Amino acid sequence: MPNQQSTDKFVSLDRRQALGLGLAAAAALAAPKAARAASRQLDPNDPEDARLIYRKLRYRTDDGLIFSWVKGPYMAVIAGDLIPMYAINLGSFSRVTQRADGGFELRDLEISFRTDVDTGERLTSFRNPVTGEILPVVERVQGPNRAIFSRDNHARLSDLPGGPHFELTHYPVRPFAIGDDIAIRDRTHARVTGRDGVSLLNEVSTISGPRAQVLDPAATSIASRAQSNDVRSFPAWLKMGDRTGHLALFGNGGKVHRFEDLPGDWRAMLHDVFPAIAADPIAALDAQG
């Protein structure tokens with residue numbers, strides 16, 4: 001889930017990824033005033049309440065764990081055409097801890113498997129339909145990563161030793177209605193500098209939850225649904241050469257509050273590939289590294 005510059009932070013990346021208010025400053029954010037919270041619902045047009053709505057849908061407004069997932073195909077966009085490449089089956093788990101300044105800390109661990117677009121089976125090799133080349137598929141654990149969010153949801157992310165450096169710009173988040181749901185559209189632009197050079201990533205996630213829960217000032221986290229889209233430079237491992245184009249993700253997913261509620265096929269892949277993490281995911285999340 002780098003050095004993020006944000007205008008009103010969810011999430012990426014998603015694509016793309018846990019919280020308890022005990023001190024006065026944090027309590028003021030989670031419940032603007034006890035009297036107000038008892039007498040009215042949150043107002044999506046109120047900037048203070050909108051910050052809370054964002055946190056509820058993407059993270060949570062108290063200390064605790066969250067679990068998120070995304071599935072969907074990546075397609076190559078070349079000369080205006082869409083070419084199905086591979087799909088991802090991604091799961092992550094995060095711990096949110098409130099800070100005295102009204103912000104929060106996010107600790108996140110993410111594992112993404114590349115799968116066949118049609119069958120959903122995990123790929124160990126991949127035939128690039130554009131070049132015809134057969135490529136190895138390498139799976140890695142991303143994290144645990146650590147990010148510090150300000151009271152206004154601006155994020156400051158830490159680079160992992162030997163990992164890529166992220167420069168992130170987050171765009172304003174405004175809640176809006178979709179039928180009986182309240183949603184946010186979370187947009188982030190990233191410039192990623194790694195061993196293979198510089199790549200660009202734009203992520204737009206639409207995250208929604210039931211209106212009654214989202215606007216309830218007593219609710220601290222929502223089991224939300226997500227439509228996740230990103231547009232990124234061709235990654236080096238695809239060996240696309242100097243072709244002009246990019247990858248686009250068309251994903252769907254959500255946030256839950258138990259590891260057991262993550263998709264069963266993802267948990268099965270995790271057990272096969274990273275059995276130690278599957279046996280104790282929270283220990284993996286909290287591991288020092």
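User: Why is Glu133 called partly exposed in this model?

Analyst: The model is predicted. In it, Glu133 has a relative accessibility of 32%. Buried requires a value under 20% and exposed a value over 50%; Glu133, at 32%, therefore counts as partly exposed. The residue is located in the loop between β5 (125-127) and β6 (134-136).

User: How do you know which residues Glu133 touches beyond its neighbours in sequence?

Analyst: The criterion for contact is heavy atoms within 4.5 Å. With residues up to four places away in sequence left out, Glu133 touches Phe126, Arg127, Asn128 and Lys239. Lys239 is 106 residues from Glu133 along the chain, and their C-alpha atoms are 8.5 Å apart. Lys239 itself belongs to the loop between β13 (225-232) and β14 (246-256).

User: What makes the phi of Lys239 worth noting?

Analyst: Phi of Lys239 is near 50°, which is positive in a residue other than glycine. Most residues other than glycine have a negative phi. Ala79 provides another case, with a positive phi of about 55° although it is not a glycine.

User: Where is Ala79, and why is it called exposed?

Analyst: Ala79 lies in the loop between β2 (64-78) and β3 (81-98). Exposed means over 50% relative accessible area, and Ala79 has 83% relative accessibility, so it counts as exposed.

User: What makes the peptide bond from Gly143 to Pro144 a matter for comment?

Analyst: This bond is cis, with omega near 5°. Most peptide bonds are trans. Pro144 is part of strand β7.

User: Why is Asp286 called partly exposed, and which residues is it in contact with?

Analyst: Asp286 has 30% relative accessibility; because exposed requires over 50% and buried under 20%, it counts as partly exposed. Its place is in helix α7 (residues 281-286). Neighbours within four places in sequence aside, Asp286 is in contact with Arg95 and Arg107. The C-alpha atoms of Asp286 and Asp108 are separated by 8.9 Å, with these positions 178 residues apart along the chain.

User: Arg211 and Ala212 both lie in helix α4; why is Arg211 called partly exposed and Ala212 exposed?

Analyst: Arg211 has a relative accessible area of 35%, which falls between the 20% and 50% limits, so the residue is partly exposed. Ala212 has 55% relative accessibility and therefore counts as exposed, the limit being over 50%.

User: What does each of these residues have around it?

Analyst: Not counting residues up to four places away in sequence, Arg211 touches Ala177, Gly179, Asp180, Asp181 and Ile182. The C-alpha atoms of Arg211 and Ala183, 28 residues apart in sequence, are 8.7 Å apart in space. For Ala212, the C-alpha atom is separated by 9.9 Å from that of Leu42, 170 residues away along the chain.

User: What makes a set of residues a nonpolar core, and which members of the largest one touch the most others?

Analyst: The members must be buried nonpolar residues joined through side-chain atoms within 4.5 Å. The largest such core has 22 residues, of which Ile53, Leu57, Tyr59, Leu106, Phe149, Ile184 and Val214 touch the most other members. Two or more residues are given to this core by each of α3 (47-58), β4 (104-115), β7 (141-149), β11 (181-194) and α4 (211-215). Helix α3 supplies the largest share, four residues. Another core of 17 residues lies apart from it, with Val70, Tyr74, Ile78 and Val137 among its members.

User: How do you know which residues line the second largest pocket, and what is their character?

Analyst: A lining residue has an atom within 4 Å of a pocket point. For this pocket there are 11 such residues, and Pro44, Ala50, Val173, Arg174 and Pro175 lie nearest its centre. The lining divides into six nonpolar, one polar and four charged residues. The volume of the pocket is about 170 Å³.

User: How do you know where the prediction calls for caution?

Analyst: The mean pLDDT of the protein chain is 84, and 81% of its residues reach 70 or more. Over residues 1-37, however, the pLDDT is below 50, although this stretch has 146 contacts in the model beyond near neighbours in sequence. Where pLDDT is low, the predicted coordinates should not be read in detail.

Note on methods
Residues are numbered from 1 along each chain as its sequence is written. This is a predicted model: local features need pLDDT of at least 70, side-chain atom pairs count only at pLDDT 80 or more; totals for chains, interfaces and linings use all residues. Side-chain values use heavy atoms; hydrogens and water are left out. On a 1 Å grid over the protein atoms alone, a cavity is a set of points where a 1.4 Å probe fits but cannot get out, and a pocket is an open set with protein on both sides within 12 Å along at least five of seven lines; lining residues have an atom within 4 Å of a point. Grid points are joined across faces, edges and corners, and a volume is the space filled by probe spheres set on the points. Ala, Val, Leu, Ile, Met, Phe, Trp, Tyr, Cys and Pro count as nonpolar, Asp, Glu, Lys and Arg as charged, and the others, Gly among them, as polar. pLDDT is the predictor's confidence in each residue, from 0 to 100. Buried means under 20% relative accessible area, exposed over 50%, partly exposed in between (1.4 Å probe, protein chains only).
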